[in-house]
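Student: I'd like a close look at one part of this protein chain, the part around a loop residue with an odd backbone angle. Could you walk me through it and then place it in the rest of the chain?

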Amino acid sequence: MSTYRIRPIQQLNRSAKRKSKVLLTIIAALLALGMVFSVMAMVSVFGMILPDQEEATGVDGVGVNIGDIQISKIGEGQIPKEYIPIYKAAGEKYNIPWTLIAAIHRVETHFGQDLNTSSVGAIGHTQFMVKTWVGWSYPGGTRLGDAAISKDVLMNPAMIKKYGGFGVDGDGDGKADPYNVTDAMYSTANYLNANGGASGNYQKAVFAYNHATWYVSRVMGFMNAFSSGSVEAVSIKGGSAKGSAAIEKAIQVGSSIVGKSPYVWGGGRNQSDIAARKFDCSSYVRWAYSSAGVDLGPVSATTTDTLIRRGKVVKASEMKRGDVIFFDTYKINGHVAIYLGDGKFLNDSSSQGVSIGDLNNTYWKAKFNGNVRRVA
């Protein structure tokens, strides 16, 4: 063993001390990076709850006419054609939009291209924890739902019924196999139906599938992209009634620089940028509301990813003047704006800077994802 490693730090010479500090800094950074990746991995696991995630209350959705949903051009280009009849059959049985089932399959395993067991034990096409599949009354296992369950039990419909699981024998071969695509899709639809889907609350059902608002946004984003039928009736005409004093102040301040402030990627996160009115979309929204006394986050760290967690969820069909609305641009929830009413919104866009946009515009209408937060 190296004497350098066991010698007390106070006995090292100055050069060695400096090297030790550098080494410790590198180790700390690597550990921190490892924790970030670990957290990201856990968040994506079915049924996982982390402290900074929102509770299911307030996550709402709108029922749809299942028969109205047709595949979009994007769906035609991305969804494996052989799976579409399976999604539709599962959706019809459990009254779940088939494009929602396809969206979960896409997000979880990229349509079955990655069937590796997750780091905490989630398995199959749609990444069920084994105890969710066979039933949480099954004895033993971890608090996350991993357990040593033999295939004879895990895939046995009688055992699943006994323990209250969500696994389904979708193809009628006598087994409920999470690695069988038909069984997996029927089981996913079964779970969604039992957790809000039966009443048409699809966002709540997806939130139950993975307790993270970013996950709901991602799944619903793919669902909308795959669908060309009626997924949610979104009003873009009303909601123009005068808002609270804070809302009107934020809009007044934000409007004062329309046409006067070009878009600056990463701008608005220090006082110098703010004084020069250099913003990007999220820092602009934060600044406007901050000027009205509404705190939407720290100057240096507010982004669309943090704004999506502020305030409360509002149905897109019920949005009002002053609500914060989101668009899928370079990523899910990649752009944010302040709704003005009658389809108009105040935003800082990369093409026009601080400006007034219109949800009836072909581009914005396609990018608006229905995510709305009421922050004041």
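Tutor: Phe111 sits in the loop that links α5 (98-109) with α6 (130-134). This is a predicted model, so keep in mind that everything here is computed from it. Phe111 isn't a glycine, yet its phi is positive, about 60 degrees. Is Phe111 buried or exposed? With a relative accessibility of 5%, Phe111 counts as buried, because the cut-off for that is under 20%.

For contrast, take Arg277, another non-glycine with a positive phi, this one about 55 degrees. Arg277 belongs to the loop between α13 (271-275) and α14 (281-290). Its relative accessibility is 32%, so Arg277 counts as partly exposed.

Back to Phe111 and its surroundings. One residue that touches Phe111 is His105, which is part of helix α5. His105 has 0% relative accessibility and therefore counts as buried. Setting aside residues up to four places away in sequence, His105 touches Tyr83, Tyr87, His110, Phe111, Gly112, His125, Thr126, Val181 and Met185. There's a long-range pairing to look at as well: His105 and Ala184 are 79 residues apart along the chain, while their C-alpha atoms are separated by 9.1 Å.

Tyr87 shows up in that list, and Tyr87 has Phe111 and His105 among its own contacts. Leaving out neighbours within four places in sequence, the other residues in contact with Tyr87 are Ile79, Trp98, Ile101, Ala102 and Met185. Met185 is also touched by His105.

Now zoom out to the packing. The largest nonpolar core has 53 residues, and Tyr87 and Leu100 are the ones that touch the most other members. Which helices each supply at least two residues of this core? They are α4 (84-94), α5, α6, α7 (151-154), α8 (157-163), α9 (181-194), α10 (202-209) and α11 (213-226). Apart from that core lies another one, of 26 residues, with Val294, Leu296, Leu307 and Leu340 among them.

The strands deserve a look too. In β2 (residues 324-327), Val324 and Phe326 point one way, Ile325 and Phe327 point the other way, and all of these are buried. β2 runs antiparallel to β3 (residues 335-341), with four bridges joining them, and Val324 stands opposite Ile338 there. β2 is also antiparallel to β6 (residues 368-374), this time through three bridges, and in β6 the residue opposite Val324 is Arg373.

As for the whole protein chain, there are 16 helices and six strands. Of its 376 residues, 49% count as buried. Taking contacts between residues at least 6 apart in sequence, 61% join residues at least 24 apart. The exposed surface comes to about 18,100 Å², and carbon and sulfur atoms supply 54% of it.

Last, how far to lean on the coordinates. The chain averages a pLDDT of 82, and 79% of the residues score at least 70. Among the elements, helix α1 (residues 3-6) has the lowest mean pLDDT, 29, and α14 the highest, 98. Over residues 1-17 the pLDDT is below 50, and this stretch has 11 contacts in the model beyond near neighbours in sequence. Residues 229-235 are also below 50, with 23 such contacts.

Notes: Residues numbered from 1 in each chain as written. Predicted model: local features only at pLDDT ≥ 70, side-chain atom pairs only at ≥ 80, totals over all residues. Heavy atoms only, no water. Buried < 20%, exposed > 50% of the residue type's maximum accessible area, 1.4 Å probe, protein only. Pairing = 2+ DSSP bridges. Contact = heavy atoms within 4.5 Å. Areas by Shrake-Rupley, 256 points an atom, 1.4 Å probe, with all protein chains shown as cover. pLDDT = per-residue confidence, 0-100. Core = buried A, V, L, I, M, F, W, Y, C linked by side-chain atoms within 4.5 Å.
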